[in-house]
Every structure is written in structure tokens, then in C-alpha cells.
Amino acid sequence: MNPTGLEQACRERAVLVLVGAGGVGKTTVAAALALAAARRGRRVLVCTIDPARRLANALGLDAFGSEEVPIEAETLAAAGIALPPGGSLSAMMLDTKRTFDRLIERHAPDPQTRERILANPIYQRVSSQLAGSQEYMAMEKLYELHQSGRFDLVVLDTPPTRHALDFLQAPERLARFFDTSVVRWFAAPFRRDGSGRRGIAGRIAERVLAGLGGLFGGELLQALAEFLAALETLWGGFRERARHVRALLGQHRTAAFIVVSSPARHAIAEAYYFYRELRAHRMPVAGFVANRVRSGFGEQLPELERLAEQEQRRVLGAELAAALAPFGIERRLAEDAVTALGVFRALASADRRNLAPLRAEAEAERLAYRELRARATDIHSLAGLAALEPELVGPAAPPPRASARPVEAGQRRGGG
Amino acid sequence: MRLEDLLARRLLIQGGKGGSGRTTLSAALGLVAARRGRRVLLVEVDTPDRFAALFGLAAPVGYELCPLAEGLWGLNLDPDQVVVDFFRTHVRVRAVYQQILRSRLWRTFYEAGPGLRELICLGKVWRLLGEREPDGRPRWDTIVLDAPATGHGLAILGIADVAAQTLFGPMRSHAEAIRDLLRDPAATVLNICALPEEMPVNEAAELYAAVRERLQIPLGVCFVNGVLPAPAPGFCEHLAARLEQDPSLGSAAAAVLGGPAALDALRACARWRCARASLQQALLQELAARVPLPQVRVPYLLDADFDRRSLEAVAAALERGFAEAMPAPRATAGAAAPEAAP
């Protein structure tokens, strides 16, 4: 385990990419890391996709657009946060359709081509729905922001994907879709000037197209071919940039991936899957963040072990009721408190059990591993994000393996 | 809406955010339907199988019918396999469809093309609904579909409409038939799954709005998963508050529990529950306002191992939840929150 991993990543890397299953809190962790980096004097941008509304408000993103919004010093001050000289925090929300439009505006060779693409009904309908276009656009934006030099660090919150590698592979897949040779081949039989391909390849193409045309309608294929022909001038660039982005993310001194998980088993399984795929593709992984870990409910205390058994729980409930009766506390309330503690203690123990292998993996691979304890209420303010900092990048907790004690220390620190 | 009304439809679709319990609920709904004597097919789409674990099977459910329980079968629709099936049915000439499937053009089109995988998977569900026994009865009384997570789920449910407007030829009539089935209130119902948490409530509301405005799929109930039991009435005011403020009450409790650390745990638990209870109540009310469907609440499962035991617990909770379902969108949060499963 590398206890300073995330702290170092916040100070030194230029790109942090948060990955993990849907619903594990990637956006919150991304925002908290960005804030932590800004508090270390860096110019930081956090780029999120579909954040919870109140979190968006906290970040000053109530106007949803794809432009970066700097979070004003007064806003930060109101939340009790002062950034050192040079530090700044901006946030943006990724809008796939607008990013795609801007890409075409920027790279179209002439105004006619630009207008033709933007007005094409197929483009309008599919540009935000092409499989992988959201991932591709996140990459595209990341590259653009990184190249601009306006930020020292870009923290990217990735869209939830069904398959772990979608995020990395989507750009290539999309680039392949726009690959000139494939699309030319596709478009050839529809060319009005009769410059369609001849020979075996041409005959196969025609046969395949006839088969597809019979199913989907020749008109659709024609419209699609026209759309693709209109985009033809951009294709070289797509592939080129996909390659650049990938190279950027593979640079170990520049970029780092952080795998976020909740303590739920399926989320942990997905975190593992992500992690292994990232490793297999030689992508730099900084570590894991286990989010919403339930702790502090006596799961480490031997004196509360008896709560695990129903009969003993009843006895303890009766004892507490008797002890609190002189204070005018109703019996049912004391019993309720004990029953609930039994439940919460069991939940916290289950979380610890579920996360143990992830923690061990991090330790064996010298990766960062941090736990954020579950809060009773959702985090939706800058102050709430700032409160996560000690758990996320603060002084390292002692190694948790030896005994139960270091984890208690972690809880006390987190509980402040 | 009564459970019987829901089960009268032939296609039951569960939509909602990832982690909101769609899969477990779909499986439990399938189990409940099968136990009421229906022949039920449970379908998941383009996802690693999760049914096998829920039903305690060793091998994952794949693209072959898999018996899950009495009267209940499972199927995992892998788009790649559905596509082969699709071409086999529609192109028929083996040499031709194999050539299409092998061609680089098709693969590119299929991998990046918008919505094709989704459309073909929905088409498969449509064909399954049309299958008949030799005696002419439908092969399946009920198909329970675990739709992919919201964003993608909207794509899959909306694709038939887009395709019906965009495509030509045989695929167009195919898409129109699928769309008509999805919009038929006698045949189809879409249930929205949510959790009493901020993001899932937002997503459920977005799904509801999109279904009402664009998809026009008949809506059923809103399943609320993971509802924490409310603290006993008076708990927060009379006990939780005094645990924090009254040192002599605190030491009396600590003496029974075994020390100050145990007292801290008791306090933390009480604090957490009281904060969460009011938040949960507010979120359940917000959900009721933004997703005005009958709410069927399923309590938080303590041993959420997503195994056979969890499944039985959810099935039991479903039956109970329908009996207690709030008929109108008026929220009476907390009042009907059932006990956590043991």
C-alpha cells in the first residue's frame, strides 16, 4: 500500500480519471479530489457528467453548459475554504452533443461542409447517441483542456459504462467507425458519379449492402452514406486524437486512474474488473477509494460482539431499558436503540469483510487505498466536500492489517 | 394498483438507475408470478448474468433457456448472439448472412451504429412473446424484463420508436410492431425502481418524465428499494438527543454496554438513524411528488448477499409491499416502513 498515493497524485499529476461502477459516488470523489488539489495551490478543473443536482449547485454548475465555470473565492470563503495563491477550482459539465458540434465547427474545412454536417438529420439524431460518443467526447475534451495549458490538473469523472473497458476503447471504436477506408467502401455503391469500387471487394460490398438494404431500407443507408461523406474531412483527425488521448493517459508521470467502489459486492467486483483491465492495458493506476463505508458502529469492539446473537441482543436491550428507566426513558426506545445498533454493527462488519480483499490487493501492489465513511446525509456542499479531505488525502492511517486498533484510529480521525 | 393487475400484463419491464435493485426485483417479481401459476420467462440484456446467483445456480444463465424455479425460466440476451439469430431468421440463406456477419462493414456498423444492438434485443423479446405451444397457447404467460440502467434503458426502450421513424423496409414494420407492443396498456407495463437517495430519486424522476413525454410506455408502480425502518416514534427526541446531552444518562448506558467506546457506537448509530430518517422521509415525499405512481416499498435487506435468501426476502416483501402500497401519490413516508428482514 502506498499511503501517500492520492496526496501525491493531487500535487503532481496533470490528469486524474475516476472509474468505477455506476452509483458508487465517482462524482463526489472527483470533486473532493479537485478541491484538495486546489487547496494545494494548483489550478484545477473538475469535469463531471450528470452530477446530482445539489452537488452541481454546490460547484456553481446550476447553469448547465459545457463551459468551465470558475468557483469564486467568495463562494469558497462562504464554505470556510481559502485557496493559497495560485490555487483555483473550476468545474464543468460535459455535454456530448455540444462538444461534438464544437468539434465539427472547429475542424470543418469550410462553412458549407460545417453547415451540411450540422444540418444532416442523421447527424442531429445520432451524434449524441452513437455508441461511445459520450466517452469519446470526454476524452476529446480532456485532451483539449490538457493541451490548453490553462489548468495544472484536470479531474475527469467518467460516464457509467456497462463494460469496464468501454471508456478506453470507445474512442478507438468510434475512430474505426469514421475510418476513411471503411466508410468509403460503404459509401461507394451510393456514389452518383459511378466511382463505386469494382472487383471482388466491390461485389462483396454490394452484396452485403443489398442484404442490409433489404432489412433496413436503402434510403436509410443512402442518408447514412451521405452523412458519412459529409464527415469525411474530419476522419483523419478523429483517429489521430484518439491515439493522442490514449498516449496521454498512459503516461505514468502525467496521468493516473483512481478506481472508486462502494462496499457492495457487485461494485467491488466491477472495481476489480476495471483495475485488471487498466493494468492489462498498462494504464497508470494510483489506487482505490472505497466510498460510503459504514463504520464507527462498534464493529471492532469485543464488548459488543454479543449483539450478533438475537437472544443476547434481547438481553442487552432489557438491561439498557432497566438502566435508563430512572431517567424516564421508555423501554421500547432503549430496545429500539440496541436492535438498531445490532443491525448497523452487522452492516459495518459486512462492509469491512467485503472490502478486505481490495485493501489487501492495494497493499500488495503498493497502491493507495482510502476509505470514506458513510454519512447519514448526502454530500452536496463545498464544505461537505472539504470535510472529505482528511479521509481522502490526509495523513495516512497506519497499516490496517495488524489488528483492529488502527482502524479505530481511522474512525476517530474521520469522525471529526 | 394491485399485484394481480400488474401480473395481468404479459410484459413487465423494470427500469431505473444502476444499483437501485432492478435485477433482484425483476427476479422476485418473476418468482411471485410463477408461484401464482404463470409460465414466466425472466430476461436480462447485455450484462453479466446475475440471475444464477439469486437462484443459487452454479452455472451462469446464458443464451439458452435455463430453469430457475417451478414455472420460471431465465434467459440472458447477449446482443452478439441475438444478432446471429436475427440474421438467421431474416436473411435465411446461410452463405449470405454469414458473409454479412463476417464483413468489416457490418461489424463497424454494428459496433458503433446507434441503437442497433438494442433494437435487435427488443425484437427478440417481441418474438419470444409471440411464441406458441403446439396447442396454440402462448408459450409464455409473462415475460419479466430487467432493462439496462436508466440512460441505456431509455435508449433501448426508445429505439423502436426512433427506428420506426428512420428505417424503411422490413425493419421498419418490425420496429413499428415492437413500438406498438411497448405502448399497449393491455400488454406492457413499465415499473420504475428507485432508492430513497438523492441521485436515484432524480433518475427515477427523469425516467418517469421521459416515459410520459417521449416513450409513452404504460407505467405501473414505483418500487422503492432499501427503505430503512424508521426509528420508533419518539426515539430521536427522547433518547437520541439525551444520549448526546445528558452525561449521567450516558454513563448509565455505558455501564450496561461495556464502556465509553460502546456508548460512542450507540450514539453514532442513533445520530445516523435520526439524520437519515428525516432525509429519507423527505426523499420519499419528493419521489412521490415527482413520480406519481403507487409506491411499493421494499425494506433494506440486512444480508444483501444477492443470493436465494435475499431473493425470497424481496419476494415476501413485494407481496407485503403491494398489500400496503400507497394507492395515491400522496406520501405518508415512514408510516408504512416495514421492519428490516432478519
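Here are some questions and replies on how terms apply to this predicted model.

Me: What makes β3 and β8 of chain A edge strands?
Reply: Each pairs on one side only. β3 covers 69-70 and β8 covers 368-373. The sheet is open, with 8 strands in the order β3-β4-β2-β5-β1-β6-β7-β8 and mixed pairing.

Me: How do you know that β2 and β4 of chain A pair?
Reply: Pairing takes at least two bridges found by DSSP. Strand β2 (residues 43-48) and strand β4 (residues 88-93) share 6 bridges. They therefore count as paired, in the parallel sense. One bridge joins T48(A) to M93(A) in β4(A).

Me: Why does α1 of chain A count as a helix?
Reply: A helix needs at least four residues in a DSSP run of H or I. α1 spans residues 5-12, so the length requirement is met. α1 lies across β1, β5, β6, β7 and β8 of chain A. Its angle to β8(A) is about 100°.

Me: What share of chain A is called buried?
Reply: The cut-off is under 20% relative accessible area. Of the 416 residues, 54% count as buried.

Me: Which residues of chain A belong to the second, separate core?
Reply: That core has 42 residues, including L59(A), V155(A), A368(A) and L382(A). Members are buried residues of listed types, joined through side-chain atoms within 4.5 Å.

Me: What part of the contacts in chain A with a separation of 6 or more comes from residues 24 or more positions apart?
Reply: Such residues account for 78% of them. A contact here means heavy atoms within 4.5 Å.

How values were computed
Residues are numbered from 1 along each chain as its sequence is written. Chains are lettered from A and ligands numbered from 1 in the order in which they are written. This is a predicted model: local features need pLDDT of at least 70, side-chain atom pairs count only at pLDDT 80 or more; totals for chains, interfaces and linings use all residues. Side-chain values use heavy atoms; hydrogens and water are left out. Buried means under 20% relative accessible area, exposed over 50%, partly exposed in between (1.4 Å probe, protein chains only). Helices (H or I, at least four residues) and strands (E, at least two) are DSSP runs, numbered from the N terminus. Axes are lines fitted to C-alpha atoms, for helices over the stretch in contact, and angles run from 0 to 180 degrees between N-to-C directions.
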